[in-house]
Amino acid sequence: MVTRLVLFVLPCVLLFEKAYTATNRTFPSYFKFGVATASYQVEGAWNEDGKGENIWDHVCHTNSTFIDNKDNGDVACDSYHKYKEDVQMIKNLGVDYYRFSLSWSRILPRGLAGTPVNQLGINYYRNLTQELLDNGIEPMVTMFHWDLPEPLQDIGGWPNPELEDHFVYYARTVFEQLGDLVKFWMTFNEPKQTCQEGYGLGVMAPGIKSSGIADYKCAHTLIKAHAKTYHLYDDEFRAKQNGSIGIVADTTWYEPASGSDADKAAAERALQFKFGWFLNPIVNGNYPQVMIDRVDERSKKQGFAQSRLPKFTDEEIEYIKGTHDFVAVNTYTTNYAQDVEEPDSDELSYESDMKVELFLDDDWEESASSWLRVVPWGIRKLVNWVSKTYNNPEIFITENGVSDRGGIEDENRTSFYREYLSNILEAIEEDGVNVTRYTAWSLMDNFEWARGYAEKYGLYSVDFKSSNRTRTPKASADYYKQVITTRCLVNSC
Ligand code: GBH
């Protein structure tokens, strides 16, 4: 009897405890909350009002095995037509800002530098931005969130160094057309995914598998395009438009698989290969030394006359260094990192250059995405590492969230936000890390790239079966709204 009682009561106590592990401190008054989406994932209207084709339109329409369930973004959440409703949903959450991205092919249908601007595309973004401002919501704009114009892929895509100037032309167009309204710019979203998943592993459009070669070339072009765009803003727009500009890099937190020095070094190496690949050039001018050394050495053993990791010239290093007004981080999950033996030199890949085995812990709570486990403490360690590694910059979390398979009673998502935000607050208060913004991914369920519509990240659900794309707030939307109003994660602070 007693045992039975204990068996019954104990789990209840544990559940109750779990719900209240979040800190009862309040968020500082300067701290801002936002919510995010990206053009291809929500807009639809893929060929309306003069928009050109991009690589995601192309892969959805031509490769029937690439996207789960043969889903595509032709209509998506129909935000192209429903942006006023989107803004009301955003306003209802009470967030300070909305992070969205621009579709390059809507603005320059042919993509290439020197081709005509599509005024109707510009009008859409001006209308959306004005609607946000009229409702007291700050626009935070990503120029490139993976939807490359197809004509630029036809000339090789990002591994082709010419893309630098095509991007800068697009960026200039965007500053000219929208810079009076937009004060927060981000050049690229997650360049690591663009390069690694797009040109290395081939799991995202354009689906090219050239790990250890095209991924490095892609990153090289992107970093140079970012730096040139930053200088363009500084030289020609900042004085009159008065905004800030940066890049959004993503990383998992890599926890050493054991206390051994080799595994600690492996975890650091993973962070440098994944995050430092982009951040080190932008902060300090060049790739992380460990990455240069390893790729140079393996390339040599493999008989390459030059390293597979492209080189920046001394002038380029000076030019790229410091091209950021803030450090923006997307992060979702944690992996264990374990050192491995030096791979044979005939293994040619980014992974063998990195020489780290990454894995998940089966005890970590799952999500609907195979790569995403719920590990709240990882985000606290990560922001501490970013702060320490890059000299205590202002840090924005530009994406964080979790997926499930649907339903509006999403206790999993509510507790995810509670626990991750709690760790961020501890990082601010206990560790002195300068995180000033937090952005929930995502405003609503949307096209989750190669996983189609099955993995859902929204605070609002979207009925993809109705032509109306009806949106319904989930329990997590109510929770997020409450956090923003009270600035408190638990019932009272
Ligand atoms: C972010 O990527 C993106 O910025 C955002 O657009 C996306 O919706 C969100 O996170 C959630 O994924 O299943 O093998 O095809 C986070 C990084 C990019 C890692 C997609 C996993 C898919 C791998 N993720 N990637 S696979």
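A salt bridge is taken here as a side-chain nitrogen of Lys or Arg lying within 4 Å of a carboxyl oxygen of Asp or Glu. In this predicted model, the count under that rule comes to 33 salt bridges. One of these pairs is formed by E138 and R437, whose closest N and O atoms are 3.2 Å apart. Because E138 belongs to strand β3 (residues 138–144) and R437 to strand β13 (residues 435–441), the pair ties together parts of the protein that are 299 residues apart in sequence. Side chains of opposite charge can pair in this way when their charged atoms come close.

Turning to the ligand, its site is the largest pocket, where 16 residues surround the ligand, the closest being Q41, H145, E448, W449 and R451. By residue class, the shell around the ligand divides into 6 nonpolar, 5 polar and 5 charged residues.

Several side chains place polar atoms at short listed distances from oxygen atoms of the ligand. For R451, which is also among the closest residues of the shell, a polar side-chain atom lies 2.6 Å from a ligand oxygen, while for E190 the corresponding separation between a polar side-chain atom and an oxygen atom of the ligand is 2.9 Å, and a polar side-chain atom of E399 likewise lies 2.9 Å from an oxygen atom of the ligand. Taken alone, the ligand exposes 570 Å², of which the protein buries 88%.

Terms used. Residues numbered from 1 in each chain as written. Predicted model: local features only at pLDDT ≥ 70, side-chain atom pairs only at ≥ 80, totals over all residues. Heavy atoms only, no water. Near = heavy atom within 4 Å. Polar contact = N/O pair within 3.5 Å; in protein donor to acceptor, adjacent residues only side chain to side chain. Areas by Shrake-Rupley, 256 points an atom, 1.4 Å probe, with all protein chains shown as cover. 1 Å grid on protein atoms, 1.4 Å probe; cavity = no way out; pocket = protein on both sides within 12 Å on 5 of 7 lines; lining within 4 Å. Sits in = over half its atoms within 2 Å of the grid points. Nonpolar A, V, L, I, M, F, W, Y, C, P; charged D, E, K, R; others polar. Helix = DSSP H or I, 4+ residues; strand = E, 2+ residues; numbered from the N terminus.
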